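Take a walk through this model, one element after another. Keep the structure open as you read.

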Amino acid sequence: MTFLVTQSSVANLRVVYATRLQTMHNTIEGSAKFVPAIPGRHIVSGMGDVLALNPAMYKVENTVHFVLLDDSLVAERCWLLTDMSCETSKIQRVMEIELRHGKETHVYRVERLKEKKTLLSFRQASEDLAERKDKEREGKHERRRKMAERDARWVEDFSDDLTVAIALGKWEEAVELVEIGEKRLSTTPMLAPKFTTLKVSLTTALLQTLSDPMQRKLAVVHLISLLERLGAGATARSTFLAVRGELMRTHVRALRFEGSVELYISDLAIVVFTGIKPTEWFLSSFRENDTASESYAEMFRKQVHRSDVASQMVQDCLAVTRLQNRKLLKDDSLDFSYLLELLLTRTNEPIPQAPPSFS
């Protein structure tokens with residue numbers, strides 16, 4: 001019940017503040033522009049018949065009306081209390097206040113006791129506001145200091161966790177940490193130096209693991225997906241293709257030519273097409289200049305398209321290539337028939353305009 005009463009009182013006070021400000025805006029021309037209604041702003045006091053003096057001669061020039069708000073003063077013009085300073089002095093039975101704003105000086109005088117008390121309350125309000133602003137600045141500084149300490153602890157813990165995950169080869173955990181770190185970079189600037197170093201370290205470790213030719217297909221697919229999440233998909237692809245290419249070249253070098261061109265071509269097709277078969281990544285690499293298919297075609301032409309090889313032998317070797325393409329690739333939806341047909345022709349023969357039946 002107490003909470004409801006307090007809540008209602010606060011709401012009523014806001015209404016009073018707003019009503020008084022609206023009255024001032026309607027009464028004093030231009031005040032709405034310089035001191036608009038904002039949450040918490042309210043009128044503290046007001047007084048009329050304040051004498052405005054010439055600051056040099058101290059002669060009365062006119063009378064003004066003062067309206068003191070919690071953060072500003074409205075008189076001949078509007079001033080923010082934080083942008084001005086004031087001094088009060090008693091000369092005989094009168095009180096004067098001197099307001100300074102930048103290079104401007106304004107002097108005002110009151111004579112009645114009530115106005116004197118109001119004038120003193122104005123000076124007190126100015127001092128209170130300055131004190132409140134100082135405390136706010138101190139509070140902000142303290143909050144920033146605590147936030148900086150908290151961020152520093154978080155960065156340290158994050159760096160330790162990521163370093164351990166990389167060292168232990170916990171790749172999934174490490175990549176997840178990197179993704180968390182990337183989201184924190186904009187709000188935690190101190191993270192950037194360590195984060196960049198650790199991300200490079202993780203990427204390098206994954207690429208080294210991917211370079212192992214003994215990796216199984218599922219492990220390779222997983223490693224490549226992790227590298228793609230790190231933004232290193234292109235490097236992962238080139239690394240993988242280089243490893244597979246070197247592995248195939250090693251197997252090809254192990255082949256022995258024992259006089260039968262047809263047998264050699266059959267073994268060559270098995271080695272190369274088996275190397276292509278495990279992954280669809282070779283489908284995209286097949287169109288590049290230095291690919292498994294071109295390497296195969298080059299070796300094919302070297303062995304088959306010679307002056308001492310009969311035309312029937314050439315046809316038999318092409319038939320072997322077609323057979324192995326069908327057995328090792330086409331049945332797995334990796335059909336390179338047309339590209340192979342182009343690559344296996346003599347270099348000085350015209351390229352056919354339509355794909356032949358290479359199946």
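What is the handedness of the crossing in which α6 passes α7? The crossing is right-handed. Its contact is made by V220, I224, L227 and E228 on the α6 side, and by G233, A236 and F240 on the α7 side. By class, these residues divide into 5 nonpolar, 1 polar and 1 charged.

This is a predicted model, and the geometry described here is computed from it. Two packed helices are described by the angle between their axes and the distance between the axes. Helix α6 spans residues 217-229, and helix α7 spans residues 233-253. They pack at an angle of about 150°, and their axes lie 7 Å apart. An angle over 145 degrees counts as roughly antiparallel. Therefore α6 and α7 are roughly antiparallel to each other.

Now step back to the chain. The protein chain has 359 residues, of which 38% count as buried. Its secondary structure comprises 12 helices and 7 strands. Take the contacts between residues at least 6 apart in sequence: 55% of them join residues at least 24 apart.

A second helix pair comes earlier in the sequence. Helix α4 covers residues 171-184, and helix α5 covers residues 192-210. The angle between them is about 150°, with the axes 11 Å apart. That makes α4 roughly antiparallel to α5. Their crossing is left-handed. From α4, the contact draws on W171, A174, V175, V178, G181 and E182. From α5, the residues are F195, K199, L202, A205, L206 and T209. The contact of α4 with α5 has 8 nonpolar, 2 polar and 2 charged residues.

Next, the strands. Begin with β1, residues 43-53. Which way does β1 run relative to β2 (residues 60-69), and how many bridges join them? The two run antiparallel, joined by 8 bridges. Within this pairing, M47 stands opposite F66 of β2. β1 and β2 form a hairpin with 6 residues between them. In that turn, Y58 has a positive phi of about 60°.

The path continues from β2 to β3 (residues 72-74). These strands are antiparallel too, with 2 bridges. L68 has L73 of β3 as its bridge partner. β2 and β3 also form a hairpin, with 2 residues between them.

β1 has another partner in β7. The two pair in the antiparallel sense over 3 bridges. Here L53 is matched with V107 of β7. Strand β7 spans residues 104-110, and 5 of its 7 residues are buried, so β7 is largely enclosed by the rest of the structure. In a regular strand the side chains alternate between the two faces of the sheet.

Last, look at the stretch ahead of β1. S31 sits in helix α2, residues 31-34. Is S31 buried or exposed? Its relative accessibility is 0%, so S31 counts as buried. Beyond its neighbours within four places in sequence, S31 contacts M24, H25, P36 and C78.

P36 lies in the loop between α2 and β1. With 33% relative accessibility, P36 counts as partly exposed. Setting aside residues up to four places away in sequence, P36 touches H25, S31 and R41. P36 and H25 are 11 residues apart in sequence, and their C-alpha atoms are 8.3 Å apart in space. H25 thus appears among the contacts of S31 and among those of P36.

Notes:
Residues numbered from 1 in each chain as written. Predicted model: local features only at pLDDT ≥ 70, side-chain atom pairs only at ≥ 80, totals over all residues. Heavy atoms only, no water. Axes fitted to C-alpha atoms, helices over the stretch in contact; angles between N-to-C directions. Helix = DSSP H or I, 4+ residues; strand = E, 2+ residues; numbered from the N terminus. Parallel < 35°, antiparallel > 145°, perpendicular 65-115°, else oblique. Left-handed = near helix turned anticlockwise from the far one by under 90°. Contact = heavy atoms within 4.5 Å. Nonpolar A, V, L, I, M, F, W, Y, C, P; charged D, E, K, R; others polar. Buried < 20%, exposed > 50% of the residue type's maximum accessible area, 1.4 Å probe, protein only. Pairing = 2+ DSSP bridges.
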